[in-house]
Structure formats: C-alpha cells, structure tokens
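This report covers a sheet, a surface patch and some ring contacts. Start with the view below.

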Amino acid sequence: QVQLVESGGGLVQPGGSLRLSCTASGVIFTIRRMGWYRQAPGKERELVAAISNGGTTNYADSVKGRFTISRDNAKNTVFLQMNSLKPEDTAVYYCNADQFVGPDFQVYWGQGTQVTVSS
C-alpha cells in the first residue's frame with residue numbers, strides 16, 4: 001500500500017501564495033502520474049494540475065499562469081506552487097498518485113489539506 005501525506009495548506013489573503021507538498025511512501029515501484037485535485041463546498045472534485053514521471057504537465061484553465069506543479073522523483077514528492085491566489089481557489093486540496101503493481105493499476109489519495117483565500 002502507498003500513503004500520501006500532504007502539507008502546506010492554510011489561510012492566505014487574495015493575491016498571496018502558498019506551496020503544497022505531498023510525499024508518497026510505502027510499497028512503491030514507479031509512481032507514474034502525480035497530481036492535485038480540489039473540492040470546494042457543494043462542488044465536485046476537480047483536477048487542478050498533474051505531472052507525469054517524465055515531467056509532462058497539464059493544468060486546469062482556471063489556474064494556468066498562476067499555479068506550477070513540479071516533482072522530485074527521487075523523493076516521490078510533488079509540489080504545487082500557488083501564486084496570485086483568489087477566493088475561488090478556496091477548497092480542500094487532495095494529492096493523487098498512481099502506479100502499476102504487476103498488472104494492477106492502483107490509484108492513491110491523500111487526506112486533503114485546506115486552502116482558504118480570504119481577506
């Protein structure tokens with residue numbers, strides 16, 4: 001089994017910045033894709049950004065130009081640098097990762113970290 005532990009959430013004023021981190025531990029072969037999702041109250045969980053183990057990234061349109069995802073493959077850690085934060089970025093942010101264990105494709109989720117953007 002793989003555990004994902006997130007850190008870095010908190011309260012920030014509009015226009016501010018936060019950096020989220022997520023580290024995978026446990027039975028790891030090759031983590032393929034790592035990403036961040038978010039869920040605001042009353043809304044569905046949505047993809048924020050994702051990165052492959054080769055470094056290919058994709059972003060939600062709402063965060064392009066403001067958020068940057070990166071990863072350290074040696075440490076199985078993914079980061080999300082969030083700049084120019086807006087109140088609509090307020091949500092619980094979840095880390096996500098996947099890998100093949102033999103023929104089985106497994107997906108893992110972190111416990112979530114709250115990000116609140118408010119003055």
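## Phe100 and its ring partner

Phe100 counts as partly exposed, at 41% relative accessibility. The model is predicted. Phe105 is partly exposed too: its relative accessible area is 40%. Both values fall between the 20% limit for buried and the 50% limit for exposed, which means neither label at the extremes applies.

## A nonpolar surface patch

Phe100 and Phe105 also belong to a nonpolar surface patch, together with Val107 and Trp109. The patch covers about 380 Å². Which strand gives the largest share of the nonpolar patch? Strand E10, residues 104-109, does, with three residues.

Val107 lies in strand E10. Its relative accessible area is 42%, so Val107 is partly exposed. Trp109 has a relative accessible area of 39% and is partly exposed as well. Patch members need over 30% relative accessible area. Val107 clears that cut-off with 42%, and Trp109 clears it with 39%.

## Aromatic pairs

How many aromatic pairs does a search of the whole structure find? The search finds two. In one of them, Tyr37 and Trp109 sit edge-to-face. Their centres are 5.0 Å apart, with 65 degrees between the planes. Tyr37 belongs to strand E4 (residues 34-39) and Trp109 to strand E10, so this pair ties together parts 72 residues apart in sequence.

Is Tyr37 buried or exposed? Tyr37 is buried, because its relative accessibility is 17% and the limit is under 20%. Its partner Trp109 is partly exposed, at 39%.

Phe100 and Phe105 form an aromatic pair that is tilted. Here the distance is 5.1 Å centre to centre, and the planes are 55 degrees apart. Edge-to-face needs over 60 degrees, so the 55 degrees of this pair does not reach that class.

## The four-stranded sheet

Now the sheet. Four strands make up an open sheet, in the order E1-E3-E8-E7, with antiparallel pairing. Strand E1 (2-7) and strand E7 (67-72) are the edge strands; each pairs on one side only. From one strand to the next, the twist averages 15 degrees.

Inside that order, strand E3 (residues 18-26) pairs with strand E8 (residues 77-82). The sense is antiparallel, and the pairing runs over six bridges. Which residue in E8 stands opposite Cys22? That residue is Val78. In general, strands of a sheet pair through backbone hydrogen bonds, either parallel or antiparallel.

Notes: Residues numbered from 1 in each chain as written. Predicted model: local features only at pLDDT ≥ 70, side-chain atom pairs only at ≥ 80, totals over all residues. Heavy atoms only, no water. Pairing = 2+ DSSP bridges. Helix = DSSP H or I, 4+ residues; strand = E, 2+ residues; numbered from the N terminus. Axes fitted to C-alpha atoms, helices over the stretch in contact; angles between N-to-C directions. Patch = residues over 30% accessible without salt bridge, like charges linked within 9 Å, V, L, I, M, F, W, Y side chains within 5 Å. Areas by Shrake-Rupley, 256 points an atom, 1.4 Å probe, with all protein chains shown as cover. Salt bridge = Lys/Arg side-chain N within 4 Å of Asp/Glu carboxyl O. Buried < 20%, exposed > 50% of the residue type's maximum accessible area, 1.4 Å probe, protein only. Phe/Tyr/Trp six-rings, centres within 6.5 Å; stacked < 30°, edge-to-face > 60°.
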